[in-house]
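Biologist: Please take one part of this model and go through it closely, starting from the strand pairing and working outward to the side chains around it. I would like the contacts spelled out.

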Amino acid sequence: MNRNELLALVSRSKPASSDERRTIYEPVNGDFDARRLDTFEFKEPVPIGNHFHEQSDELFFIVSGSIRTLALADIDSNESVILENLGPYTRIRVPRRVAHAMIPEPGTVMVCLATEPFNEAKQDLNPCKLL
């Protein structure tokens, strides 16, 4: 993956629908097959991640708050990017073999979808120090 392809993994979601009652965001609409859903509420601004997956893709969606720093690196091409100050409604798609790490601001709420369920006995976490 080249630098532009890595940058394209991060996008800001626009409302799919909005009226006086509510606004609907659809960070996933048929383009990601999820088998796991995690919700994070971050308490302090420390690096998380610093790994990549061989068997699973992930999709992160910032619900509220912000990510101070995001690092993505393609394991095969050694290309990498660092992005800063990602706010609400940002979608971050992380294909397998793309290392990822982030520093969230305290109070940030983020959802993560993954293509594979978590398996305690066979964790697909491969260390890769980015932040």
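**The β7-β8 pair and its surroundings**

Modeller: In this predicted model, β7 and β8 run antiparallel and are joined by six bridges. One of the bridged pairs is A71 with I82, the latter lying in β8. The two strands belong to an open sheet of five, ordered β8-β7-β10-β5-β12, with antiparallel pairing. At its edges are β8 and β12 (126-127), each of which pairs on one side only.

The same pair of strands also leads into the nonpolar packing. The largest nonpolar core has 18 residues, and the members that touch the most others are L70, L72 and L86. Two or more residues of this core come from each of β6 (58-64), β7 (67-74), β8 (80-86), β9 (90-94), β10 (98-104) and β11 (109-114). L70 and L72 thus fall within the range of β7, and L86 is at the end of the range of β8. Setting aside neighbours within four places in sequence, L86 is in contact with V10, I62, G65, S66, I67, L70 and I92. Among these, L70 is another of the core residues that touch the most other members.

β11 contributes to the core as well, and its range, 109-114, includes position 112. C112 is buried, at a relative accessible area of 1%. A disulfide is a covalent bond between the sulfur atoms of two cysteines. The structure holds zero of them. C112 is in no disulfide, and its nearest cysteine sulfur, that of C128, is 17 Å away. Seen from the other end, C128 has C112 as its closest cysteine by sulfur position, and cannot bond to it because 17 Å is too far. The cut-off for a disulfide is 2.5 Å.

Back in the sheet, β5 sits between β10 and β12 in the order. The loop between β5 (48-52) and β6 holds H53. Is this histidine, H53, buried or exposed? H53 counts as buried, because its relative accessibility is 7% and the limit is under 20%. Its side chain makes a polar contact of 3.1 Å with the side chain of E58. The H53 side chain also reaches the backbone oxygen of D124, at 2.5 Å. Apart from neighbours within four places in sequence, the residues in contact with H53 are E58, R96, R97, H100, D124, L125 and N126. Of those, N126 lies in the range of the edge strand β12.

Notes: Residues are numbered from 1 along each chain as its sequence is written. This is a predicted model: local features need pLDDT of at least 70, side-chain atom pairs count only at pLDDT 80 or more; totals for chains, interfaces and linings use all residues. Side-chain values use heavy atoms; hydrogens and water are left out. A nonpolar core is a set of buried Ala, Val, Leu, Ile, Met, Phe, Trp, Tyr and Cys residues joined through side-chain atoms within 4.5 Å. Buried means under 20% relative accessible area, exposed over 50%, partly exposed in between (1.4 Å probe, protein chains only). Helices (H or I, at least four residues) and strands (E, at least two) are DSSP runs, numbered from the N terminus. Contact means heavy atoms within 4.5 Å. Two strands pair if DSSP finds at least two bridges between them. A polar contact is a pair of N or O atoms within 3.5 Å; within protein, one must be able to donate a hydrogen and the other to accept it, and residues adjacent in sequence count only if both atoms are side-chain atoms.
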